[in-house]
Structure formats: C-alpha cells, structure tokens
Amino acid sequence: MRKFIYKFEHICSAVKKLSKKKKIVCICLAVVTIAALSTYSIISGKSDEEKTYTRSYPVKTLEIKSGSYPMSLQYQGLTGGSEVRKLSFKSSAKILKIYVSKGQHVKKGDKLVDLDKSDLNFAAQAAKSQVDAASAQYNKAVNGAQQEDVSKAQIAVKNAQDSNNYYKDLYDKYCKLSDAGAISKQELDDVKLQLDNSQNALNSAEQSLEQVQNGSRDEDKKSLLAQLNEAKANYDSKQNLLQDASMAADQNGYVVDVLGKEGEMQQAGDSVVLFRSENEVITVGLSDDDVKEVKVGTNAKVKIGDDSAEGQIINVVQMADSKSGTYSAEIKLSKPIDNKFYVGQTAAVYIDMGDKNAISIPISSVLNDGEDYVYVIENGHAVKKNVTLGDTDEDKVSVDGLKNGDELVVEGMKTLKSGYKVTVK
C-alpha cells in the first residue's frame, strides 16, 4: 500500500504541470489504476508475516521417552593444587648443589638439593663435646669418687679437727682469764667466734668425706642426669639439622619448580623446591545443595582435553570458602594421565549421582530467553514449551515440562518461533 501512495504522490506532482482539462483526465486514470492494483494485491498478495508462517522449516526431531538414566553433577575443576608441597630446610645455609630441574620426574630417595654443611658440622661437634662432659659428671656421681678423692677428704677432716681442738683449748683458757678479770669480754667473744668457725669447717669437711665415701645424693644425681639429657637433646637436634641439609624425595613424584639457585643463601623455612606426588587430584567447588549429596567415595569422571579418567571423591571440606561460597571437594584419579597432567589445568568433572527415572534430553536442544524452553512438534507446527532443568549426564540433562511421546526438535530450533510450520528431516 505504501508503494501505491508513493506512486500516487509522484503522479500528482507531474499533473501539476499539465492544463486543467488534461489534469482531470490524468487524475481519473491514476485513481482507476491504483484501485485496480490495490484490489489485485489484496486478492493475490500476502504480508511478510503470513509468508513466514506459510513457509516450512526443516528440523530434526527426537521422540521423548522416560527411563532410567545415569545422572551426574557437572563442574569445572582444577588439577593438582592440593598435591603441591613446598619443600624447605630447617636451617639457614648456602645452597651447595641442586640435582633436579623443573618438570623432572623423580623416585623416592633421589637427591634434590644439598646445603653447605660446614657450620652445621661444627655445631654438631660442639654439642657432642657437651654430651661427653655431662656424661662424665653423671658417671662420677653414680659410681662414686676415686681413692685419691677419699684421701683428700680425710686429710681435710683431720686438719679441721686439729683446728677445732686448738680453738676449744684456747676458749677454755680465755674463760678462766675472763672469770679472773684478766681479759675483756670482747677478747673472749673473739675467741668464741673463732671456735664457732672452726666447728663449722669441721662439720663441712666431715660431710664432704661422707659424700665422697657414700657417693652423691639422689638430688645431685638427678640434677646431673637432667644436664646429660639436655646435652643429648641438643646434640640430636644438631644431627637432625645436619641430616636435613641434604634434601631427598620422600616419594615418587614430579618437581613442579625449583626456586633456589646454587651459591645463594637459603633461609630456614623458605621454599626451595615445589614438589607433587604421582597422585593426580582434581579440586572442585560444590554448591550448597550439591555438597549435601556428595560423599567421600562417590565416583566421578574427569576429562582433561581429549583424555578422560575415572576417580573418587577423597575429601569434602565442611566449611565454605569465604570468597566463592563453595565447598571444596577433591577427586583422586584411579589411573594417572601420564605426561599430560599439569598443575592448574581446567578439567571437566562429572560426579556420579546414580541412575534416576526421568526424561533426559540433549542439552543442545534447550534454548533460553530468560527462561529455559524447547520446541516440540504438534500437527506439523513448532510449539514452544518451558522446561525446568535437573541433573546432567555429560551432554544430556533431565527435565520437567515434557511427557512421553513428545517430538522434540534437536536441530534447526534456533530458526523457529511458536506456530512455524516444519518439515522433519
């Protein structure tokens, strides 16, 4: 109709240039012509929308059948992160030798890194000397003194006894002189003090002789034993540091990275080698709902590129990650993917949820315009049906909203609208 209006306006513009009589004739002819064309268009023509609904669209379909299907939870996981360990030394020293390189496979017992052990050897020798000295003191206390020590103690007692006897006689004389008024009280007190000191010296000498003859007291032996044990512990610690200065693989695995360099000072506790075992573990983050269904021992299938392998859930963390809000789960592969397993790779993970009685359709047949929907064929025309998605099994998903016998469009659905006529290939 717009074409006819345009032609009519064009004719009117041309007619303005003609005479009055010719104008009337031309206008009449134009009206008759446009009316005829409009009638023809109404009778024989169709709008674009009518043509679209009349056209037949080719599609491929699949008959819906409910049944028992294996269902799984599908996640994206990362390889190897939990298996990587940071290896370090307990003491600080220069790196003497590095035996491995990044990516190298090693066996249990293979050397990784050696530190310079010079200072550690000196410390161990000093600790050994302390053990020997403490051991000698303790053995002496336990076994008793030698005869030479006993003789010295006896002589000391004899000398102390002679001194004490001398001051006793002297004190007796001073007492008589004091009674006669021949000496002052201060002189008598001075002699008495000397007598007391000699008595104390005699008592100490006698105790020393008794100790030498009878051996050390129990509390002294316990004190010396504690000193010996402390010296041994210090020596064992130095020996452990010495042994730790040679790093070796404690199991078969791979060197993820080497962080140190020969000749550099390596600080105690700083990582020098990143190492992972031959175990291949995939980590996934489970949602609030799924973590309640997944248990340790649940089977899973993992795909890394073109390779796939079977595995099992070996750990499920009970606390959600503060950033992602997901619950970390680890899957250990039962058979390693040789030479193709690298830390940090993305893996497709399918966690086995067992067989379920459901309607399962290809995921590729599901469209979304804010809601999930599919097309089915009814009486040769496309009909849009909203669906609710459930569990997945690789390229299939269980759905609610369809019934047995529905003819599902699996190819060509992206060009359809509800009501379009279709031709099934």
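**Strand pairing, cores and salt bridges in the predicted model**

V316 stands opposite A329, a residue of strand 14, and this pairing belongs to a set of five bridges by which strand 13 and strand 14 are joined in the antiparallel sense. The description that follows concerns a predicted model. On strand 11, T283 has E330 of strand 14 as its bridge partner, and six bridges in total connect strand 11 with strand 14, again with the two strands running antiparallel. Strand 14 is mostly covered, five of its seven residues being buried.

In the chain as a whole, seven helices and 22 strands are found. Of the 425 residues, 30% are buried. Among contacts with a separation of 6 or more, 75% are accounted for by residues that lie 24 or more positions apart.

The largest nonpolar core contains 23 residues, of which I282, L286, V302 and I351 touch the most other members. Two or more residues are given to this core by each of strand 2 (66-79), strand 11 (281-286), strand 12 (299-304), strand 13 (307-316), strand 14 (327-333) and strand 15 (346-362). The surroundings of V302 can be described in some detail: once its neighbours within four places in sequence are left aside, V302 is in contact with I282, D307, S308, A309, I331, L333, A347, A348 and V349. A second core, separate from the largest one, comprises 20 residues and includes I95, V106, L241 and F275. In soluble globular proteins, nonpolar side chains tend to be buried together.

A polar residue is also found in a buried position, namely S277, which has a relative accessibility of 3%. S277 is part of strand 10, which covers residues 271-277, and the side chain of S277 reaches the backbone nitrogen of N279 at 3.2 Å. When residues up to four places away in sequence are not counted, S277 touches E83, Q251, N252, G253 and Y254.

Helix 7, which runs over residues 218-244, has 27 residues and should span 39 Å at 1.5 Å a residue; the C-alpha atoms at its ends are 39 Å apart, in agreement with that expectation. The buried residues of helix 7 are L224, L228, A231, L241, L242 and D244, and these residues pack against helix 4 (118-143) and strand 7 (246-248). L241 is, in addition, one of the residues included in the second core.

Strand 7 also takes part in an open sheet of four strands, in which the order is 7-6-4-9 and the pairing is antiparallel. The edges of this sheet are formed by strand 7 and strand 9 (265-266), each of which pairs on one side only. Strand 4 (residues 93-98) is paired with strand 9 in the antiparallel sense over two bridges, and within this pairing K94 has M265 of strand 9 as its bridge partner.

The count of salt bridges comes to 12. In one of them, the side chains of K60 and E411 meet with an N to O distance of 4.0 Å, and this pair links distant parts of the chain, since K60 lies in strand 1 (residues 56-63) and E411 in strand 21 (residues 407-411), 351 residues apart. Both partners are partly exposed, with relative accessible areas of 37% for K60 and 40% for E411.

A further salt bridge is formed by K384 and D369, whose closest N and O atoms are 2.7 Å apart. K384 lies in strand 18 (residues 381-386), whereas D369 belongs to the loop between strand 16 (367-368) and strand 17 (372-378), so that the pair ties together parts that are 15 residues apart in sequence. K384 is partly exposed, with a relative accessibility of 34%.

K385, the residue that follows, forms a salt bridge with E378, in which the closest N and O atoms are 3.9 Å apart. The two partners fall into separate classes of accessibility: at a relative accessible area of 18%, K385 is buried because it falls under the 20% limit, whereas E378 is partly exposed at 36%. E378 and K385 are, moreover, linked with K403 and D406 in a network of salt bridges.

Methods
Residues are numbered from 1 along each chain as its sequence is written. This is a predicted model: local features need pLDDT of at least 70, side-chain atom pairs count only at pLDDT 80 or more; totals for chains, interfaces and linings use all residues. Side-chain values use heavy atoms; hydrogens and water are left out. A nonpolar core is a set of buried Ala, Val, Leu, Ile, Met, Phe, Trp, Tyr and Cys residues joined through side-chain atoms within 4.5 Å. Buried means under 20% relative accessible area, exposed over 50%, partly exposed in between (1.4 Å probe, protein chains only). Contact means heavy atoms within 4.5 Å. A polar contact is a pair of N or O atoms within 3.5 Å; within protein, one must be able to donate a hydrogen and the other to accept it, and residues adjacent in sequence count only if both atoms are side-chain atoms. Two strands pair if DSSP finds at least two bridges between them. The expected span of a helix is 1.5 Å times one less than its number of residues.
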